[in-house]
Amino acid sequence: MEKEEYKEYYLSVYRHSLAHVMAKAVMEIFGKENVQIAIGPQIADGFYYDFMLPRTITNDDYKAIEDKMREILKRREDWTCKEVSKDEALEIFAGQKYKEELINDLPEGEKITVYYTGDDFVDLCRGPHISNSQELMNASFQVKSVSGSYWRGDEHNDQLQRIYMYAFPSKEELKAHLAFVKEAMERDHKKIGPEQELFMFDESAPGMPYWLPRGFKLYNAILNFWRDLHERHGYQEILSPVINHKNLWETSGHWGHYKENMFLVTNASVDPETDEEVIDTDVQYAIKPMNCPNAINVYKNGLHSYKELPIRYSETQVIHRREKSGELNGLFRVQMFHQDDDHTFLTEDMIEEEIGDIMDIAKYIYETFGLTYAAELSTRPDDFMGAPELWDAAEASLKRILDKKYGEGNYEINEGDGAFYGPKIDLKMKDCIGREWQMGTIQLDFQLPLNFDLKYVSQDGSLKRPVMIHRAIFGSFERFIGILIENFKGSFPFWMSPFQVGVVPIRESHNEYARMVVDLLRKNGIRVEADYSDENMKNKIKKFKNFKDPYILILGDQEAENNTVSVNLRGNKQMKDVPLDTFIKICQKLNRDHSLELIESVDEL
């Protein structure tokens, strides 16, 4: 077993054993007869256990649970594994309804094991576990939180209480993890977004973000950067319908492979006699979860020559995908979002050069945002569509590209995780605190051109079938922006900040000069906001600081007289008496270069 594999194995045994200790502690605190225990698996930073309890757990209970666990560990009890029959297991767990249900659901002949912690606590478990509680004496653990959960994840079942606990082998590791968690909470986009008035949600549209004025400026800054870059690489932007007849989705294969994740549209009318709504259950339309079939419709609008290929259709139109309510998570998991989609139609001999160019675009985009990434090849899934030999050819093409780009063996292969219509290269990136995100994807598709009978006129005049590439770099604007909010902690680079400059006239008499400055900045493409009220100057500055505007201009008599600006930089540095035209050049350079850092001195021009 490799060192890392052993560490993971050790942690899983360690944390799973502690879950049993917590279950025992909770039963001792509330009384064995008052507690129903469900399941308690280990997770990435600890474990959780689900309970039915006589009352709601509060923060005041956390220390009592932790102290009881330490008391149990000090008993140095032996852990004993015993293999039992189904009848014996039901007898052992008589009165524990969740354990009884799990046991009854086991197939006949299934091996059943139970683990005793001392003589007075037993749990249904496959193991493995420690042999004695003293092995956990140096354990460092802490209750993380308590939340509601449904038995077996089904909202129709009993609602339980889930106690989460951090668990690490040493105090130092727990302390480091808690520092990481604190930093992550401070960066949480669900906290920063509303504070900075970037986005909101409403219960009338679950998982469908509203972009507020400030947030939409940020969104458009990123979109314009994306558009300019793709135009330089020969992409053509299109806009297509949001709702399509089901025939389109049947041809594409989404109806058979993805229907449960689609919002379906039924025809409804009002009965004139009863005034009641009548719904036609024959579904005719669906809201698009993907852009690819519509890009294909655009391609089919005319017959193309080989001289036109590759044809690249990019689109950032809104798409919708149904998600379970419990899986929604801010901008990270939504039901309405905008993909930075492209669908390229090309010949087989163009594939490697085209995907190479796509990966160059991805590298440029991620580096512009200060993000690192790695590639992963995802191969044929079990529910694939099309001929195996087409899949083999597609996977071989992608392997050659990755070998050339990164070197053989310098990328991961994720067997069976391709899309149903083709293999793909996934681009996974890390943010500033080391979290990994699945973002970009490049999918090679021989199948949909076949389904839609796509053609182009070849050099010899015959009709041939193109290959199709599905491609996104951000994945979705919403999730990408959520990641950027957390990565930059709300302090965005100048070029993408909602407002780049805040203007603070010291007194009302300076408003005229301030308005002139604002007008000039706007004419030069700089996003600027100003406060002309008679509010105290410090309060005006504080407001723009809270929004984390990169530059705040303080304008008084001297600035108005000399046509200069005094600049407060985000982070409390200052530039005094900067000529207005020089400040404009600073802003233009930051916008032009897409710089991550602010210019802090006129000498940097």
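Leaving aside its neighbours within four places in sequence, which residues is Ile425 in contact with? In this predicted model, where local features need pLDDT of at least 70, side-chain atom pairs count only at pLDDT 80 or more, and totals for chains, interfaces and linings use all residues, the partners of Ile425 are Ile355, Met359, Ala375, Glu376, Leu377, Leu398, Leu402, Gly440, Thr441 and Ile442, contact meaning heavy atoms within 4.5 Å. Residues are numbered from 1 along each chain as its sequence is written, and side-chain values use heavy atoms, with hydrogens and water left out.

**Nonpolar cores**
- The largest nonpolar core (a set of buried Ala, Val, Leu, Ile, Met, Phe, Trp, Tyr and Cys residues joined through side-chain atoms within 4.5 Å) has 55 residues, and Tyr366, Phe369, Ile425 and Met496 have the most contacts inside it.
- Among the elements that give two or more residues to this core are helix H11 (351-368), strand E20 (372-378), helix H12 (388-406) and strand E22 (424-430).
- Apart from this core lies another, of 34 residues, among them Leu11, Val21, Ile37 and Leu53.

**Overall build**
- The protein has 18 helices and 31 strands, which are DSSP runs (H or I, at least four residues, for helices; E, at least two, for strands) numbered from the N terminus.
- Its C-alpha trace spans about 85 × 75 × 70 Å along the principal axes.
- Of the 605 residues, 50% are buried, that is, under 20% relative accessible area with a 1.4 Å probe, protein chains only.
- Among contacts with a separation of 6 or more, 69% join residues 24 or more positions apart.
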